[in-house]
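Hi there,

Here is the structure I promised to pass on. My notes follow below it, so please have a look and tell me what you think.

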Amino acid sequence: MIIRSLYRLAFFLLLAAGAGALAAVRGGQAAWFLAWLLTGAGVASLSVFLFTLMKAEVSRNGENPMLYPKDGLVVELKIRHTSLLPVLWMSVADRFVREADGHLYSVRKRVYPGWRRSFTVRYRISGLERGSYRFTGTELLAGDCWGLVQKRRLLPGSGGFTVLPEGRAVLPVGLPKGTGGDETEGASPFRASMPGHGVRPYENGDPLHRIHWKSTARRDGLMTRVDEPAVEWRFQVYLDASTSSYRERPELFEQAIRWAAGILQAAGDIRAMAGLACNGKPEIRLPPHLPDNGLPALRLLAVLETGGELPFAEMLMNGSSRPGSRSDAVLAVTPSIDFAVERALGQLCQAGSQVFVYHLLGTRLAGERELEQKRRLESVGCRVHQIREARLERTVRLHAESEGA
């Protein structure tokens, strides 16, 4: 850009010299007026090129914030520059890139600083896809009023932000009833576990308000209700991130990410212990009773891509051998259930784990093969949810405004 500006300026000054030579040879007020006009415009453009944007610096607010796609991130740029002449106009362009695929975004705002040596530009970002974003730099562009020369300053960028996955709203799913008798109340894995109760034969001294009249009506004698402590559910989410599962339908991976994030957020809402395991990544265990206990898993899901050499079925079997895994409610999120995965899920049920399967179908209906798989898995104790939903379309919105210019 500097070379092009110098070429244009040199050509313009050459025209001014030619007009001056013509005026000196032929004379006439029109010729002299054109010569002085071209010369003055060229000198003014040269002065803008030499004495504007001699130095510049930019500072950006915030340090690596995290946000959801529906949220808006406000970025504030405080720009300071050194110029000996008033700056008639300046174009400010801030750029950031999505590190997963290298997609570049640019926000541009034109301001009119005049004699002001510092001003602020703000812009708002919303609707971005999940991922980690990095600021690559800020471009300042200034020039004369007729566009003859333009001067550019490239200022390095620092920092970035992370767009967390937007979790799918997970509806309550009931667990099978417990083993404390036919009056034992079941608990939902996505709702806070309430204390249950069992019954026993009435004994002398039991309070009358503790008598369980429904059980008494079905039996020969009085029955007393006995409170049982609440069950503390622990959740283990297994996310299928293998490349083979998404080779034919890559759009299902974003659907899987949303459902895994929704399950973890639902577990965090009831302050339950949860874990996340996916192909090729270390397992994450989330402690309960912490306001932000789901952030490590959401940060992993924000940058997760398909890959890993460990098959999904093998990952399920490795998780079942972990100490204490039988007390976990297993939630498997996958778009593909082959024979190995079906066998691994069946073995988890037989080992005593509560197993929930989220089978992602995309926008299509379940075929005969998927329906038959669901019947076989439910026959061994799995809860299978075949999920069909429309593809989510996002609109990126970038809005800029300025202050002080």
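**What turned up**

L46, L50, F51, M54 and L84 make a nonpolar surface patch of about 410 Å². Patch members have over 30% relative accessible area and no salt bridge (a side-chain nitrogen of Lys or Arg within 4 Å of a carboxyl oxygen of Asp or Glu), with nonpolar side chains joined within 5 Å and like charges within 9 Å. Areas are Shrake-Rupley values with a 1.4 Å probe. L50 sits in helix 2 (residues 29-51), helices being DSSP runs of H or I with at least four residues and strands E runs of at least two. L50 counts as partly exposed because its relative accessibility is 43%; buried means under 20% and exposed over 50%.

This is a predicted model, with local features needing pLDDT of at least 70 and side-chain atom pairs 80 or more, while totals for chains, interfaces and linings use all residues. Numbering runs from 1 along each chain, and side-chain values use heavy atoms, without hydrogens or water.

Inside, the largest nonpolar core (buried Ala, Val, Leu, Ile, Met, Phe, Trp, Tyr and Cys joined through side-chain atoms within 4.5 Å) has 35 residues, and V237, L239, L276, L301, L304, V333 and Y358 touch the most other members. Helix 4 gives the most to this core, 10 residues.

N279 lies in the loop between strand 13 (273-278) and strand 14 (284-286). N279 counts as buried because its relative accessibility is 2%. Its C-alpha atom is 6.1 Å from that of S242, 37 residues apart along the chain.

Best wishes

Technical notes
Buried < 20%, exposed > 50% of the residue type's maximum accessible area, 1.4 Å probe, protein only.
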